[in-house]
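Student: Could we go through this structure together? I would like to know what stands behind the words used for it.

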Amino acid sequence: MAGPPGDGARPLLEVRNLRTYFFQDEGTIKAVDGAGLSVHAGKTLGIVGESGCGKSVTARSILRIVERPGRVVSGEILLRDDAGGETDLARLDAEGREMRRVRGGDIALVFQEPMTSFSPVHTVGSQMIETIRLHQRLDKKAAREKAIEMFRLVGIPRPERRVDEYAFQLSGGLRQRAMIALALSCAPRILIADEPTTALDVTTQAQILALLARLQERDGMAIILITHNLGVVAEMCDEVAVMYLGRVVEQGPVDAIFHAPRHPYTRALLRSIPSIHAPVRTRLPTIAGSIPHPYNRPPGCPFHPRCPDFMPGRCDRSEPPLLPIAPGQHAACFLYGDARP
Amino acid sequence: MTTPAGGGTRLLEVTNLRKLFPIRRGFLRRVVGHVRAVDGVTFHVQSGETLALVGESGCGKTTTSRCVLRAVTPTAGQILFRTAEGPVLDVATLPRRHLRPLRRQMQMIFQDPFSSLNPRRTLLDIVAEPLVANRVGTRAERVERVAELLRLVGLRPEYMRRYPHAFSGGQRQRVGIARALALNPRLVVADEPVSALDVSVQAQILNLMLDLQAQLGLTYLFVAHDLSVVKHVSDRVAVMYVGQIVELAETEALFTAPRHPYTEALLSAVPKPDPRLRAQRIVLEGDVADAANPPSGCYFHPRCAYAVERCRIDTPRLEPVEPGHFVACHRARELGLRGISR
Amino acid sequence: MWWRFRRHKLAMLGTVVVLLFYAVVLFADFLAYADPGASEAQRGLLPPQGIHWLLDGRLRPHVYGLAGKRDPMTFKRVYTPDPSQKIPVRFFVHGFEYRLFGVLPTTRHLIGVEGARPEDTLFLLGTDEQGRDLWSRLMYGTRTSLTIGLVGVAFSLVLGVMLGGISGLYGGVADTVIQRVIEILRSIPTIPLWMGLAAALPNDWTVMQVYFAITIIISLVGWTELARVVRGRFLALREEDFVTAAVLAGSSQMRIIVHHLVPSFLSHIIAATTLAIPAMIISETSLSFLGLGLRPPAISWGVLLQQAQNIQALAISPWLLVSAVPVIIVILALNFMGDGLRDAADPYGQ
């Protein structure tokens with residue numbers, strides 16, 4: 001079983017053995033190939049990884065909005081409600097009524113580029129009012145009041161005027177705030193933020209991260225934060241899952257990931273990031289080679305061609321399963337034993 | 001490594017550089033105002049050092065670097081470049097036909113490794129382009145030179161007949177670096193050379209740039225928004241805000257003891273990759289000022305926690321507070337600001 | 001690009017059809033079996049003669065002779081096939097003399113009735129009012145109409161690339177002027193514009209002179225679309241980093257245009273050009289149909305269709321409309337081909 005359990009309480013969302021493939025004429029891209037995750041209420045799970053690791057596709061799979069020719073091939077996406085009931089989102093009809101109720105109702109999504117998520121011909125307010133009324137029984141006036149209230153909540157100055165503006169009239173930071181307000185307008189239990197600050201400047205990024213932390217404290221929602229920036233992960237997350245070529249290679253509490261990383265990829269990644277604490281003008285340790293193209297995925301452990309601890313005959317033969325190695329920490333690496341002989 | 005800031009000759013000296021972009025409106029395209037992209041910037045670059053220009057989007061760092069290369073013609077100001085042959089030329093006012101010999105000595109590394117390489121040309125064509133354009137060597141000599149350049153940047157010369165789409169982002173960026181080095185330039189302007197790359201590849205390219213500098217005695221003008229990256233490559237750093245330099249100092253001094261409130265906020269805002277350092281961040285309110293309509297006095301005063309009445313009225317000038325440490329802030333000497341501790 | 005194009009089945013089909021049509025252009029004299037100008041009032045408005053392939057169970061292509069009778073009620077000549085007269089049809093026969101590709105003198109034709117009596121004739125698609133063979137005329141008309149499309153597009157291409165290039169490359173005043181000219185040209189309804197221009201052509205011009213004049217008139221409007229495509233590509237490419245890189249490498253403007261800009265939009269130009277040809281053909285056909293374009297003795301699809309203007313003639317001799325068929329086929333084929341090329345050149349465009 002791929003999904004490592006958290007401490008005690010059952011996770012709000014649990015993804016097991018998720019596989020999402022893209023079937024193209026040139027071949028099949030295994031964008032997500034056996035990923036497992038779990039998220040607890042009120043906590044933040046960070047999914048980190050470089051391009052092509054499948055972190056965004058994982059998020060889209062959870063919401064069942066993978067674009068064709070992509071498809072969730074197998075696995076379970078278990079969403080639990082307060083009463084203890086379970087829904088497997090992987091089995092629902094992606095366009096069906098139940099799934100539509102989950103999207104925007106239970107789980108909301110914040111994109112990297114807020115500009116493209118707003119219609120250019122409608123005011124941000126009208127789009128929010130529409131969303132609110134889609135999920136809640138409110139008349140136009142009440143919905144507008146609610147939109148203004150949400151804008152105020154996410155720290156947009158003069159919200160009464162901003163609701164009547166178009167997305168292009170807002171700055172990047174304000175657009176992202178509006179996007180968050182839109183996502184939160186129906187009080188979701190899980191917020192998936194896909195690279196929410198990547199397109200923003202550092203000072204604006206700091207504002208948005210602070211906002212997300214404040215809103216989580218207030219509403220107790222779970223956040224899945226998808227990013228390539230390890231700094232953002234260290235600042236924001238409780239749990240971290242590190243992905244490489246469609247697989248979760250390590251998952252654990254944030255402190256363990258940063259201070260006791262076990263998987264060679266996590267270790268190498270942490271060493272190779274430029275740090276503001278480093279001495280001036282220093283060379284960085286690097287990871288040899290580059291990320292393989294998803295068409296020619298290496299056999300066995302996907303990281304083995306770049307791994308300093310590569311064991312010939314083992315790592316290139318079979319894929320290591322994600323196994324517990326310390327309390328709450330899991331790694332998929334043969335260095336820490338092997339379930340199969 | 002040591003910082004060779006002192007001693008060297010000044011390769012580049014930029015004085016009071018201005019670039020205004022007109023805002024046109026209406027049917028007759030009348031000019032109704034100007035965006036002050038670069039608004040009176042003064043700095044110099046020593047031979048053999050790396051000067052970083054940092055700041056947030058729209059601060060004018062990219063426009064400044066394009067002016068230095070004269071890819072953009074500045075509105076006013078001086079850009080003195082010391083040529084290899086000796087004479088000092090003003091790039092800002094040089095007639096276009098005299099630019100070509102100068103361009104052999106200043107080259108550029110681009111941000112986007114995808115759009116900066118023509119997809120229809122082989123690596124050989126791409127890297128040899130500056131040689132062909134300047135009529136350097138015979139065809140056989142050029143092939144030899146390209147092979148040498150590819151080896152220099154860590155690519156196999158056998159690849160030279162392939163097209164860029166066969167390569168990853170990091171490898172493409174190496175090709176871009178090889179092209180920039182083809183004519184043995186003295187100054188290399190690197191515009192966000194690693195920000196489009198994956199984390200694990202960033203380190204490879206930064207190391208390559210450091211090695212090449214040591215090996216070839218290059219001078220870098222390094223444009224970046226990521227302060228962590230800047231710390232790994234630069235000797236001195238200039239922080240820009242709305243078209244102006246607000247602080248310029250040696251890297252160590254700027255990071256450990258910033259003297260401008262904006263630098264302090266910028267350093268504090270960088271997410272640190274260590275959960276035990278979840279510091280009390282300084283979160284700046286509001287947005288970056290509009291370069292078409294900047295505030296009065298100090299452009300930063302509406303967002304500054306330390307602003308006093310004077311900041312709203314007087315525009316501070318970039319002045320030395322210590323040798324080699326320049327700050328544009330009225331309160332630079334009285335404030336005790338927090339930097340990055342080791 | 002070729003690879004993406006080949007997956008576009010309709011476009012491939014279109015390409016084959018277009019190639020066949022242009023083969024007709026090259027071999028029009030060979031495919032025709034009668035002099036398109038030879039008329040004989042006696043044979044006016046003959047119906048098409050179908051080829052019968054088998055005779056006594058053996059492959060012996062032949063047509064039936066026609067027996068003419070005058071209808072006593074309408075006084076019109078009515079022709080009926082006479083199965084007793086079997087006129088053999090042969091391949092690669094000798095006929096009227098022509099020059100293949102304009103150089104090689106020869107008398108060979110694909111089919112014909114060789115060595116037969118003068119009254120034994122072949123009219124695959126029937127004849128017109130003046131007794132001229134429609135099939136042969138159609139072959140020659142294809143040559144005229146399709147080359148007018150090509151020559152017109154060539155004119156448009158030169159104008160469009162030049163003016164669009166200037167517009168996109170230099171911008172500023174030149175760009176504004178050219179763009180306004182394009183807008184004005186495009187806002188004038190084309191038919192009245194052509195009518196005005198065609199009416200200005202002197203009556204005593206030779207067929208060739210009229211042909212070129214018409215081509216130029218048609219391409220006057222056609223170039224605007226191409227100019228827009230070229231300008232748009234120039235504007236987009238000018239911002240690409242690799243163009244800046246070439247400038248910084250010290251490359252001359254000419255070198256940048258030839259080595260970087262043109263190869264990058266060549267495929268777009270080819271696609272736009274292909275899509276422009278049908279418009280040209282339609283323009284020629286409609287002008288000639290209205291009697292404003294080519295005039296007899298020139299033969300083109302439009303000229304042939306002009307004879308079908310008379311409803312009465314059409315009711316009795318519907319085969320006069322036959323030249324509308326190739327117009328429809330070739331225009332559909334060119335459009336499919338152009339769409340395929342455009343999709344292949346720019347898979348993310350509209």
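Here are some questions and answers on packing, chain contacts and confidence.

Tutor: Happy to help, and please keep in mind that this is a predicted model.

Student: Why are H7(C) and H9(C) called roughly antiparallel to each other?

Tutor: Helix H7 (residues 207–238) of chain C and helix H9 (residues 253–289) of chain C pack at an angle of about 155°. Angles over 145 degrees count as roughly antiparallel, so H7(C) and H9(C) earn that description. Their axes are 9 Å apart, and the crossing is right-handed. In this contact, the residues divide into 15 nonpolar, five polar and three charged.

Student: How do you know whether chain A and chain C touch or not?

Tutor: They do not touch: their nearest C-alpha atoms are 11 Å apart. There are two pairs of chains in contact, and chains A and B share the most contacts.

Student: What makes up the contact of chain B and chain C?

Tutor: Chain B gives 19 residues and chain C gives 15 residues. On the side of chain B that touches chain C, H3(B) gives the most, with three residues. That side divides into seven nonpolar, five polar and seven charged residues.

Student: What is the confidence in chain A?

Tutor: Chain A averages a pLDDT of 86, and 96% of the residues score at least 70. Strand E3 (residues 44–48) of chain A is highest, at 95, while helix H3 (residues 114–117) of chain A is lowest, at a mean of 70.

Student: Where in chain A does pLDDT stay under 50?

Tutor: That is the case over residues 1–7 of chain A. Where pLDDT is low, predicted coordinates should not be read in detail.

Conventions:
Residues are numbered from 1 along each chain as its sequence is written. Chains are lettered from A and ligands numbered from 1 in the order in which they are written. This is a predicted model: local features need pLDDT of at least 70, side-chain atom pairs count only at pLDDT 80 or more; totals for chains, interfaces and linings use all residues. Axes are lines fitted to C-alpha atoms, for helices over the stretch in contact, and angles run from 0 to 180 degrees between N-to-C directions. Helices (H or I, at least four residues) and strands (E, at least two) are DSSP runs, numbered from the N terminus. Angles under 35 degrees count as roughly parallel, over 145 as roughly antiparallel, 65 to 115 as roughly perpendicular and the rest as oblique. A crossing is left-handed if the near helix is turned anticlockwise from the far one by less than a right angle, and right-handed if clockwise. Ala, Val, Leu, Ile, Met, Phe, Trp, Tyr, Cys and Pro count as nonpolar, Asp, Glu, Lys and Arg as charged, and the others, Gly among them, as polar. Two residues are in contact if their C-beta atoms, placed from the backbone, lie within 7 Å. pLDDT is the predictor's confidence in each residue, from 0 to 100.
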